[in-house]
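Hi,

Here is the structure I promised to pass on. My notes on how its pieces pack follow right below it.

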Amino acid sequence: MDTSFFPSLRRPACVFAAALLCNLANVALAQNAAPPVATPAPGQVLVTGTVPDEASKAAALARLREVYGADRVVDQIAVGQVVLPANWNNHVQSLISPNLKAVSRGQLKIDGTTVSITGEVANEAQRQQIASDMASSLNSSYTVNNGLRVSTSEQGLLDNALANRVVAFESGQATLTPEGKRILDEIAATMLKLKGRHVEIIGNTDNEGLRASNISLSLARADAVKAYLGAKGVDESLLSTSGQGPDRPVASNATAEGRAKNRRIEFRIAK
């Protein structure tokens, strides 16, 4: 991937690219930088370009080595005549975060106070979360352009069918609501396209009440989903269930909104 940067005395920039399966990343920091002169091996991170001083170079490399491992970072950074915006090093530190490893065939570019990220992620929730985390790590003068897209993998198909919605049940029961059934009708149609893939159905609850009771309820709900999908033509021998209760929250249980998000059913392609 050609990952040119265009930081100049007027508009500094930084680009990060994570390639297929997050095994390859390019980071470029330069003024009118040429494409990388080396091709990283699988699993390596190639860092190229120009920064104004050794401290900036050391900071970028240290952060990359922390995230990817020292043996994976290939240093091709030069020190030269470029000007970076205020607190540039701190922003790079916050933007080169472990969640970038979830982006495949991607690029992160800091162009002045505009941050743009492109590439593929596994699901819509991940797409939104990565951009949200970036925005929250920057000050209000920065703008984040979210160009991430959900991959067309089998897991991505399931996530798209769920579309960040919650399969609803009657309060405290394993009885599906009409809306919950409508969502599962869409899930069933997607599963019928997966051609023999095993799918795990995972039940989750909020943390109100006894943990043991919540685990039992989450499993009962996962089993109810399995039975409903089976009635819609999905091969139940390809479906497994588990109940995680309150142990895997995706939001704070301190608010009603957060608890509603935690009461959910997940679908995972079995490895």
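H5 and H6 cross in a right-handed way (right-handed if the near helix is turned clockwise from the far one by less than a right angle, left-handed if anticlockwise). Before the rest, the caveats: this is a predicted model, so local features need pLDDT of at least 70 and side-chain atom pairs count only at pLDDT 80 or more, while totals for chains, interfaces and linings use all residues. Residues are numbered from 1 along each chain as its sequence is written, and side-chain values use heavy atoms, with hydrogens and water left out.

Back to that pair. Helix H5 covers residues 178-191 and helix H6 residues 211-231; helices (H or I, at least four residues) and strands (E, at least two) are DSSP runs, numbered from the N terminus. The two pack at an angle of about 60°, their axes 10 Å apart. Axes here are lines fitted to C-alpha atoms, for helices over the stretch in contact, and angles run from 0 to 180 degrees between N-to-C directions. That angle makes H5 oblique to H6 (under 35 degrees is roughly parallel, over 145 roughly antiparallel, 65 to 115 roughly perpendicular, and the rest oblique). On the H5 side, Lys-181, Leu-184, Asp-185, Ile-187, Ala-188 and Met-191 touch Val-225, Tyr-228 and Leu-229 of H6, contact meaning heavy atoms within 4.5 Å. By type, the residues of this contact come out as 7 nonpolar, no polar and 2 charged (Ala, Val, Leu, Ile, Met, Phe, Trp, Tyr, Cys and Pro count as nonpolar, Asp, Glu, Lys and Arg as charged, and the others, Gly among them, as polar).

H5 also packs against helix H4 (residues 154-162), at about 160° and with the axes 9 Å apart. H4 and H5 are therefore roughly antiparallel, and their crossing is right-handed. Leu-157, Leu-158, Ala-161 and Leu-162 of H4 meet Ile-183, Glu-186, Ile-187, Thr-190 and Met-191 of H5. That contact divides into 7 nonpolar residues, 1 polar and 1 charged.

H4 has strand neighbours as well: it lies across E8 and E10, running at about 160° to E10. Those strands belong to an open sheet of 3 strands in the order E9-E8-E10, with mixed pairing; two strands pair if DSSP finds at least two bridges between them. The edges are strand E9 (239-243) and strand E10 (265-269), each pairing on one side only. From one strand to the next the twist averages 25°. Strand E8 (residues 199-203) runs parallel to E9, joined by 5 bridges. Glu-200 stands opposite Ser-240 in E9, and Ile-202 has Ser-242 as its bridge partner there. To get from E8 to E9 the chain goes through H6, in a right-handed β-α-β crossover (right-handed if, with the strands pointing away from the viewer, the path from the first strand over the helix to the second runs clockwise).

There's another right-handed β-α-β crossover, from E6 through helix H3 (residues 124-137) to E7. Strands E6 (residues 114-121) and E7 (residues 143-150) run parallel and are joined by 8 bridges, and Ser-116 has Asn-145 of E7 as its bridge partner.

What does Val-150 touch, beyond its neighbours within four places in sequence? This residue sits in strand E7 and is in contact with Val-121, Ala-122, Asn-123, Glu-124, Arg-127, Gly-156 and Asn-160. Val-150 and Glu-124 are 26 residues apart in sequence but 6.1 Å apart in space, C-alpha to C-alpha.

One last helix pair: the axes of helix H1 (residues 54-68) and helix H2 (residues 88-95) come within 9 Å and cross at roughly 10°, which makes H1 roughly parallel to H2. Ser-56, Ala-59, Ala-60 and Arg-63 in H1 meet Trp-88, Asn-89 and Gln-93 in H2. Here the split is 3 nonpolar, 3 polar and 1 charged.

Cheers
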